[in-house]
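Welcome! Here is a short briefing to help you find your way around the protein chain shown below. Take a moment to look it over, then read on.

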Amino acid sequence: MATQHQDILIVGAGLSGVGAACHLKRQCPGKSVTLLERRQNVGGTWDLFRYPGIRSDSDMYTFGFNFKPWTEPRVLADGDSIRNYVRETAKEFGVFDRIRFGRQVISADWSSRDALWTLQVRDDASDETETYTARYLLGCSGYYNYDQGFRPEFPGEADFKGQIIHPQFWPENLDYSGKRVVVIGSGATAITLVPSMADKAAHVTMLQRSPTYIMSVPAIDPVSKTLQAVLPEKLAYKLNRGRNVAIQRAIYEASRRKPEVVRRLILSLVARQLKGTSIEMRHFTPSYNPWDQRLCVVPNGDLFKALRSGKASMATDHIERFTEDGILLKSGETLKADIIITATGLSVQLFGGIKVSIDGKPVSVKDSVSYKGVLLEGIPNAALVFGYTNASWTLKADLAAEYFCRLVNYMDKHGHSTFQVPRIPDVHTEDTVLGSLSSGYIRRAADQLPRQGTRAPFRVEQNYLADIPMLRFRPIADDVLQFDGKVAKASPVERLAAPLRAALGR
Ligand SMILES: Cc1cc2nc3c(=O)[nH]c(=O)nc-3n(C[C@H](O)[C@H](O)[C@H](O)COP(=O)(O)OP(=O)(O)OC[C@H]3O[C@@H](n4cnc5c(N)ncnc54)[C@H](O)[C@@H]3O)c2cc1C
């Protein structure tokens, strides 16, 4: 097949890829854009994960796109609703037809001579390799491996006579009615699975090595619902979004500044949920501070309800080994099981496993420092969309896409053909861009993630309010970024215009 050329190639049609394509359509209307998506559907995460109860643990007013109101009253949404929202957005903004489904990008090579990316892409249907070229490459491929989850080997697994399932690969017709289920894990997935399976299963036990902070949130927020009822759709969305950004940030800041106070508050709310039961607080009392790892939320306390009903229980212990009919714990206790679910997490992978090279020479993002949390040092005309870990992913994905659009327009306006973040060794640290969280999957991925810089614009702050001026308003030329090999300085007019635009919010 002949090489297909586009101005911009986007890898992935999940929330980030579809969002970026919509931003490009609106802000860079003259550009040709194609999205290459290895699956047969949009939605990414929300198409892949199909376990019972799959839902967001971010509120949809901040997890939704900034240009497409989330109009349902539910604060947390299920997987189907999020996938439909992404699909509807892609159709409404005219980017659905730009998606090539069943196309897995295998490699991407940058040619310095031609100022062009060349991608080798596997077509699922024909099993043939296609070649695409583009001036710009936008990685919207998420942050984990779609082909395998993180799955430690447990001793004695072969002895177990029941089924072992990883939530990333949920069997379509799994019948767990009347079965004893053990869910291994303590993250958002385990916390979602337990109450969702408790009704049909004989019993569900959540087995965790160590506890997580869990907060109950209302499934329907009365304030948001009222605003939705009385105000025009867009205004209600804006207000609900602004309010939730502020609440998220306040909880995060309070957790950083006064961890003991936030810890006491969360634990007292849990204690209230467990009042009058014999369920021990130790299952909900982590050894770390709030927001050292992602905080988990449950709608209307559904997990606590399942525990109170006796249909579900918690075990905080270590696994000695799997047995024929369950799990033997280090404490000597045995958990009987017909089904064991290993909600043990994700396997981090950046750029969707694509082999990235420059003039045929392989590059690894772990050697690159991040620039504004969007570009990567040493990789020209490319960006990697990576959302927040301490707030909704999409807040950052939207800002990153907006910045990318501004950059593309700047290139056109000044007649440049390449941009590049130059190597500045003294800003490098050993910390990764996700250094602020100590979650297992992030620690395991330390040798794959881009590095954190010592200062702006190389430091990834994980702070939406700080990123807005940096990504939306500051001049593109900033004495750092190189265009056609030369550092560009902002003109006096651009410098003056930036704070003005920030003040006017445009
Ligand atoms: C179960 C679960 C729940 C989550 N809940 C939340 C939440 O509540 N809030 C939150 O902020 N974050 C959450 N996250 C993180 C979540 O992944 C992001 O919020 C968001 O969905 C990421 O969107 P994305 O488009 O960047 O990546 P993804 O959703 O991962 O989509 C990436 C897309 O790229 C495609 N792709 C990858 N590699 C290639 C390749 N080589 N070639 C072609 N296509 C490729 C994939 O098929 C996929 O469609 C959750 C993650 C999981 C796993």
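Of the 506 residues of the protein chain, 55% count as buried. Please keep in mind that this is a predicted model. The notes below go from the overall build to the aromatic rings inside.

**Overall build**

- The protein chain has 13 helices and 26 strands.
- Its radius of gyration is 24 Å, close to the 23 Å that the globule rule gives for 506 residues, so the protein chain is as compact as a globular protein of that length.
- Taken along the principal axes, the box filled by the C-alpha atoms is roughly 70 × 50 × 45 Å.
- If you look at contacts between residues at least 6 apart in sequence, 71% of them join residues at least 24 apart.

**Surface and charge**

- About 21,800 Å² of the protein chain is exposed, and carbon and sulfur atoms supply 52% of that area.
- The protein chain carries 65 positive and 54 negative charges, and the mean positions of the two sets are 5 Å apart.

**Aromatic pairs: an edge-to-face example**

- The count of aromatic pairs comes to 24.
- One of them joins phenylalanine 49 and tyrosine 144: the ring centres are 6.0 Å apart and the planes stand at 70 degrees, so this pair is edge-to-face.
- Phenylalanine 49 sits in the loop between α2 (45-48) and α3 (60-63), while tyrosine 144 sits in the loop between β6 (128-139) and β7 (163-165), so the pair ties together parts that are 95 residues apart in sequence.
- Phenylalanine 49 is buried, with a relative accessible area of 9%, and tyrosine 144 is buried too, at 2%.

**Aromatic pairs: a stacked example**

- Tyrosine 136 and phenylalanine 419 have ring centres 6.2 Å apart and planes at 15 degrees, so this pair is stacked.
- Tyrosine 136 belongs to strand β6 and phenylalanine 419 to strand β22 (residues 419-420), so the pair ties together parts that are 283 residues apart in sequence.
- Tyrosine 136 and phenylalanine 419 are both buried.

**An aromatic cluster**

- Which residues join Phe49 and Tyr144 in one aromatic cluster? The other members are Tyr51, Tyr143, Tyr146, Phe386 and Trp393.
- The edge-to-face pair described above, phenylalanine 49 with tyrosine 144, therefore has both of its residues in this cluster.

Note on methods: Residues numbered from 1 in each chain as written. Predicted model: local features only at pLDDT ≥ 70, side-chain atom pairs only at ≥ 80, totals over all residues. Heavy atoms only, no water. Helix = DSSP H or I, 4+ residues; strand = E, 2+ residues; numbered from the N terminus. Rg over C-alpha atoms; globule rule 2.2 N^0.38 Å. Buried < 20%, exposed > 50% of the residue type's maximum accessible area, 1.4 Å probe, protein only. Contact = heavy atoms within 4.5 Å. Areas by Shrake-Rupley, 256 points an atom, 1.4 Å probe, with all protein chains shown as cover. Lys, Arg positive; Asp, Glu negative; His and termini not counted. Charge placed at Lys NZ, Arg CZ, Asp CG, Glu CD. Phe/Tyr/Trp six-rings, centres within 6.5 Å; stacked < 30°, edge-to-face > 60°.
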